[in-house]
Amino acid sequence: MKEKIIKKATEMFLKLGFKSVTMDDIACEMCISKKTIYKYFSNKEALIEEGTEVIHQKIHTLMDEVVARNYNAIEENFEMRNMFKEMFQTFDHSPAYQLKKHYPEIYDKLIVNEMEDCRHMFRSNIEKGIAEGLYRDNVDIEAAVRFYYTLIFDINGNTMLEKDAYELEAKALEYHTRAIATSAGLVELEKQLSIHT
C-alpha cells in the first residue's frame, strides 16, 4: 500500500503541482481514507520526500539504460535529453522549480544527491568523448563538469515552465559541447542538432 500511495501521489504532484495537491486529493483519487495515508506518512512533506527519491531512482535507471546503449559521447547527451523530454513533456510547470519554491529543504537535499550523480555522469561522458576523439584531450575535465552542471541546475531550479527549461537546456548542451569539442566533435554536434531540432 505504501508504494501505491507514493506512486499515485508522485503522479499527482508532478502533474498538478507539489503545492496544490492535498492529502485529501490523494485519498480521494485512491478511494482510501486520509487515515490510511497517515499510517505510512506523518505529513505531506514526508510523502513528497519519499516520492522525489522514487523519481530520483527512476531517472538514474533510465540514464543507465541510455549509457548501456553505447552511443558516442555527443549522441549520448542528446539521447539523455530525449529521455528527460519524454519523462517530463506532459508537465506545464517545471517540477524542480515547484519543489525549490514550495519545499526548499526537500529540493536542497535532492540536489545534493543529484549533483553528485551528475558530476559522475558528466565526467564519464567527457572521458568517453576524449577517448573517441570527439572532445579535446586537453580539456580541464573538472572545470567542464562544474560549468555544465551549474548551468543545468540553475536552469531547472529557476525556470518556471518545463518547455522553457527544455529549450534552455538544449542551448546549454550545445554551448557545453562547442566548448570542449574537436573538429570531429563539431561535425557530430551539427549532425545531432539537425536530427534533434
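**View A. Asn70 is exposed in its loop.** At 62% relative accessibility, Asn70 counts as exposed; the label is used for values over 50%, with buried for under 20% and partly exposed for what lies in between, using a 1.4 Å probe and protein chains only. Please keep in mind that this is a predicted model, in which local features need pLDDT of at least 70, side-chain atom pairs count only at pLDDT 80 or more, and totals for chains, interfaces and linings use all residues. Residues are numbered from 1 along each chain as its sequence is written, and side-chain values use heavy atoms, with hydrogens and water left out. Asn70 sits in the loop between H4 and helix H5 (73-88). Helices are DSSP runs of H or I with at least four residues, strands are runs of E with at least two, and both are numbered from the N terminus. The phi of Asn70 is near 60°, a positive value in a residue other than glycine. Most residues other than glycine have a negative phi.

**View B. Cys31 also has a positive phi without being a glycine.** Look for Cys31 in the loop between H2 and helix H3 (34-40). The phi of Cys31 is about 55°. With a relative accessibility of 71%, Cys31 counts as exposed.

**View C. The whole chain, for orientation, is built from 10 helices and 0 strands.** Starting at the N terminus, its elements read α-α-α-α-α-α-α-α-α-α. The C-alpha atoms fill a box of roughly 60 × 30 × 25 Å, taken along the principal axes. Of the 197 residues in the protein, 45% are buried. Among contacts (heavy atoms within 4.5 Å) with a separation of 6 or more, 69% come from residues 24 or more positions apart.

**View D. Lys7 and Glu11 pair up within helix H1 (residues 2-16).** The two form a salt bridge, with their closest N and O atoms 3.1 Å apart. A salt bridge here is a side-chain nitrogen of Lys or Arg within 4 Å of a carboxyl oxygen of Asp or Glu, and the structure holds 12 of them. Because Lys7 and Glu11 are 4 residues apart in H1, about one helical turn separates them. Lys7 is exposed, at 56% relative accessible area, while Glu11 is partly exposed, at 36%. Widen the view and a network of salt bridges appears, linking Lys7, Lys8, Glu11 and Glu29.

**View E. H1 packs against helix H2 (residues 23-30).** Their axes are 10 Å apart and the packing angle is about 115°; axes are lines fitted to C-alpha atoms, for helices over the stretch in contact, and angles run from 0 to 180 degrees between N-to-C directions. H1 passes H2 in a right-handed crossing, the term for a near helix turned clockwise from the far one by less than a right angle, with anticlockwise giving a left-handed crossing. On the H1 side you will find Lys4, Ile5, Lys8, Ala9, Met12 and Phe13, which meet Asp25, Ile26, Glu29 and Met30 of H2. The residues of this contact divide into 6 nonpolar, no polar and 4 charged. Here Ala, Val, Leu, Ile, Met, Phe, Trp, Tyr, Cys and Pro count as nonpolar, Asp, Glu, Lys and Arg as charged, and the others, Gly among them, as polar.

**View F. A salt bridge joins Glu49 to Lys109.** The closest N and O atoms of this pair are 2.5 Å apart. The pair links distant parts of the chain, since Glu49 belongs to helix H4 (residues 44-68) and Lys109 to helix H7 (residues 104-131), 60 residues apart. Glu49 is partly exposed at 30% relative accessibility, and Lys109 is partly exposed at 48%.

**View G. Helix H9 (residues 162-180) meets H10.** The two axes come within 10 Å and cross at roughly 165°. That makes H9 roughly antiparallel to H10, as angles over 145 degrees count as roughly antiparallel, under 35 as roughly parallel, 65 to 115 as roughly perpendicular and the rest as oblique. H9 passes H10 in a left-handed crossing. Glu174, Thr177 and Arg178 of H9 make the contact with Leu186, Leu189, Glu190 and Leu193 of H10. By class, this contact has 3 nonpolar, 1 polar and 3 charged residues.

**View H. Glu188 and Lys191 meet in a salt bridge.** Their N to O distance is 3.9 Å. Both residues lie in helix H10 (residues 183-196), 3 residues apart, about one turn of the helix. Glu188 is buried, at 10% relative accessible area, whereas Lys191 is partly exposed, at 46%.
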